[in-house]
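Colleague: Please choose a single part of this model and take me through it closely, residue by residue, with its partners elsewhere in the chain. I would like one connected account rather than a list.

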Amino acid sequence: MRKIVSVFAIGALLIFSACEKDHVEAPGDIPGMGNASGELTYDEAFSLPEGIELVGTMTGIDESSSVAIGDDMSLKSTFANQSVQTFGNYGSGGRFIKLLCNLKNTTNQYRTVFFPRGLLCKVHKEGYQNAMSLQWTWVTIKPYGSRTFILHMYCINYGRSGSDAQSEFSFLGITNSPTMWNLINRIGWRKINYEHYFGHGYPTSYSLKDEAVSYENITSELQNAVWSLTNGDGLSDESISFIESIPELEEGTYPDDLDDIDIQPPFYFDEYTPAE
């Protein structure tokens with residue numbers, strides 16, 4: 001009898017394993033995103049370049065601490081404060097997740113740190129949002145210098161609390177979700193980052209652009225697009241049309257081979273500067 005039970009248990013385990021392998025990811029069912037069970041998945045862990053160190057802990061900032069349930073939180077109000085204006089702003093998103101990051105260059109040369117599209121950041125506080133990037137961004141650091149800056153990212157857990165100074169984050173790796181890569185590939189090299197519209201300096205004021213495609217509109221629409229994949233049933237035709245309306249980066253303002261995973265990012269590359 002025991003042998004029969006054992007054989008049955010092994011058979012059930014094999015069937016379960018086969019079903020797990022046959023599971024096909026779909027919008028609303030991405031491990032670790034939205035309300036889906038499981039952990040965030042990636043193929044290779046992200047690591048900082050040799051000679052670059054993270055100083056202290058990467059945390060959120062209090063200005064982006066509202067709950068991510070689609071409320072009308074003004075980007076203008078989050079930038080028109082001293083905390084955000086103290087440091088340079090990079091990346092895309094920022095409505096619910098802004099990460100305060102301090103990096104140190106221990107070498108005697110200028111270095112550039114590249115943060116890839118699809119990069120996942122895990123929050124270490126229950127009930128808070130994990131984060132993901134949708135576009136490459138990069139920051140330069142002087143020899144033997146350090147740089148504190150704010151990294152904008154997108155919320156991938158609709159309904160959880162926004163980042164604040166008490167929430168700690170760590171880099172994971174680049175998502176291997178085909179659902180998310182459908183969105184990322186549609187974005188391509190379009191202008192969606194803060195620095196694409198406001199530069200990489202230390203802003204003394206914040207104002208929205210007048211044109212329809214502005215940083216505020218872009219990040220709001222893209223956050224909704226992310227949620228349509230993490231908690232909904234996929235990208236709408238309206239979202240796709242909006243993405244296609246976003247202007248593309250000028251050739252030469254980014255390394256051409258960044259999309260080749262077999263090629264390491266450059267040791268140094270100038271930060272993006274908006275055209276006059």
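Modeller: A residue is called exposed when its relative accessible area is over 50%, buried when that value is under 20%, and partly exposed in between. The model is a predicted one, and the part I have chosen is the segment after helix 7 (237-245), where Asp256 lies. Asp256 has a relative accessible area of 67%, which is over the 50% cut-off, and therefore counts as exposed. Asp256 also belongs to a surface patch of negative charge, in which Glu251, Asp257, Asp260 and Asp262 gather with it.

Other acidic residues of the segment have basic partners. Side chains of opposite charge can pair when their charged atoms come close. The structure holds 4 salt bridges, and three of them can be followed from this segment, beginning with the one in which the side chains of Asp259 and Arg117 meet at 2.8 Å, N to O. That pair links distant parts of the chain, since Asp259 is in the segment after helix 7 whereas Arg117 is in the loop between strand 6 and strand 7 (119-123), 142 residues apart. The two partners differ in their cover: Asp259 is partly exposed, because its relative accessibility is 45%, while Arg117, with a relative accessible area of 6%, is buried.

Further along is Glu271, whose side chain forms a salt bridge with that of Arg147 at 3.1 Å, N to O. Glu271 is again in the segment after helix 7, but Arg147 sits in strand 10 (residues 146-155), so this pair ties together parts that are 124 residues apart in sequence. Here both ends of the bridge are covered: Glu271 counts as buried at 10% relative accessibility, and Arg147 counts as buried at 14%.

Turning back toward helix 7, the side chain of Glu250 meets that of Lys191 in a salt bridge of 2.9 Å, N to O. Glu250 is placed in the segment after helix 7 and Lys191 in the loop between helix 4 and helix 5, and the two residues are 59 apart along the chain. Glu250 is partly exposed, with a relative accessible area of 28%, whereas Lys191 counts as buried, because its relative accessibility is 13%.

The loop that holds Lys191, between helix 4 (178-187) and helix 5 (194-198), also contains Asn193, which merits a short detour. Asn193 is buried, with a relative accessible area of 0%, and its side chain has polar partners: the backbone oxygen of Trp136 is reached at 2.9 Å, and the side chain of Glu195 is joined by a polar contact of 3.0 Å.

One surface feature of another character remains. Phe267 and Tyr268 form a nonpolar patch together with Tyr110, and the accessible area of these residues together is about 310 Å². Tyr110 belongs to the loop between strand 5 (97-105) and strand 6 (111-115), and is partly exposed, because its relative accessibility is 45%.

Taken together, the segment carries Asp256, a member of the negative patch, and it supplies Asp259, Glu271 and Glu250 to salt bridges with Arg117, Arg147 and Lys191 respectively.

How values were computed
Residues are numbered from 1 along each chain as its sequence is written. This is a predicted model: local features need pLDDT of at least 70, side-chain atom pairs count only at pLDDT 80 or more; totals for chains, interfaces and linings use all residues. Side-chain values use heavy atoms; hydrogens and water are left out. Patches are made of residues with over 30% relative accessible area and no salt bridge: like charges are joined within 9 Å, nonpolar side chains (Val, Leu, Ile, Met, Phe, Trp, Tyr) within 5 Å. Accessible areas come from the Shrake-Rupley method with a 1.4 Å probe; for residues, only the protein chains shown count as cover. Helices (H or I, at least four residues) and strands (E, at least two) are DSSP runs, numbered from the N terminus. Buried means under 20% relative accessible area, exposed over 50%, partly exposed in between (1.4 Å probe, protein chains only). Lys and Arg count as positive and Asp and Glu as negative; His and the chain ends are not counted. The place of a charge is taken as NZ of Lys, CZ of Arg, CG of Asp or CD of Glu. A polar contact is a pair of N or O atoms within 3.5 Å; within protein, one must be able to donate a hydrogen and the other to accept it, and residues adjacent in sequence count only if both atoms are side-chain atoms.
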